[in-house]
Amino acid sequence: MASTLVVGSRAFRVCAGAFGCGAHETTRGVLRCLGRLPPRPSTARVLDLGSGTGVLAVAALRAGLAGTAVCIDTDPGAVASCMATVAANEDWLEREAVTHVHGVLHDAPLKALAQPFELYVANLYVDVLLDTAASVVPLLAPQADLVLSGVAIEDLRCYDVDAVYGRLGCEVLGSWHHEDFRTLHLKYTGV
């Protein structure tokens, strides 16, 4: 069963079956941030690590922030849910626009990672955001946007995300505190 969400002023559908149905504060925070970003050319690409239902990648595509997406998740049920979300939006989204990968970043086919990404979205725990930063940032195009959430405010490493991504050439443009989590918007300066 699909539910309807909105990014900016554009509606899209998301299928249940994995994390990312739009109810959690972290997902809502990313959707709000994505809704504020300016559109990009249809050649732009989005990377969604820990994609769950695919809600973040599909929202980015719906908002005109990218024309294609690579969605990666270690849970085969999440990959199936992401595929269902893409299918539920087939009135405006071509299935070929989204590459689904079951596994981790390094399991993605080289073709999927060959071109840089203009947008990176992730709603993951702090330790995963920190552990993957050095692998993800080199895949980004200069001036790429990063929208990260899942950063628990009570986690002592909550602000390590800012520092680690900062050392990799990313500048924090915005940080929003929700009830228990933060959402970050960063820009990769390519430095």
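Over the ring of which residue does the charged end of R62 sit? The ring is that of W92, with the charged end of R62 4.7 Å from its centre; a charge is taken to sit over a ring if NZ of Lys or CZ of Arg is within 6 Å of the ring centre and within 35 degrees of the ring normal. The charged end of R45 is likewise placed over the ring of F117, 4.1 Å from its centre. Aromatic pairs number zero in the structure, where a pair requires ring centres of Phe, Tyr or Trp (its six-membered ring) within 6.5 Å.

The model is predicted, with local features requiring pLDDT of at least 70 and side-chain atom pairs pLDDT 80 or more, whereas totals for chains, interfaces and linings use all residues. Residues are numbered from 1 along each chain as its sequence is written, and side-chain values use heavy atoms, with hydrogens and water left out.

The chain contains six helices and nine strands, defined as DSSP runs (helices H or I, at least four residues; strands E, at least two) numbered from the N terminus. Its radius of gyration, taken over C-alpha atoms, is 15 Å, which agrees with the value near 16 Å for a compact globule of 191 residues (2.2 Å times the number of residues to the power 0.38). Of the 191 residues, 55% are buried (under 20% relative accessible area, against over 50% for exposed and in between for partly exposed, with a 1.4 Å probe and protein chains only).

Strand 7 (residues 140-152) is mostly covered, with 11 of its 13 residues buried. Six bridges link strand 7 in the parallel sense to strand 6 (residues 117-123), pairing being assigned if DSSP finds at least two bridges between two strands. Within this pairing, L119 stands opposite D145 of strand 7. The connection from strand 6 to strand 7 passes through helix 5 (residues 126-136) and forms a right-handed β-α-β crossover, meaning that the path from the first strand over the helix to the second runs clockwise with the strands pointing away from the viewer. Strand 7 also runs antiparallel to strand 9 (residues 181-188), joined by seven bridges; F181 of strand 9 is the bridge partner of A152. Q143, located in strand 7, is not a glycine yet has a positive phi of about 75°. Q143 counts as partly exposed because its relative accessibility is 41%.

In helix 6 (residues 160-167), V161, D162, V164 and Y165 are buried. The elements covering these residues include strand 6, helix 5, strand 7, strand 8 (170-177) and strand 9. G169, with a positive phi near 100°, follows helix 6.

Conventions:
Contact = heavy atoms within 4.5 Å. Phe/Tyr/Trp six-rings, centres within 6.5 Å; stacked < 30°, edge-to-face > 60°.
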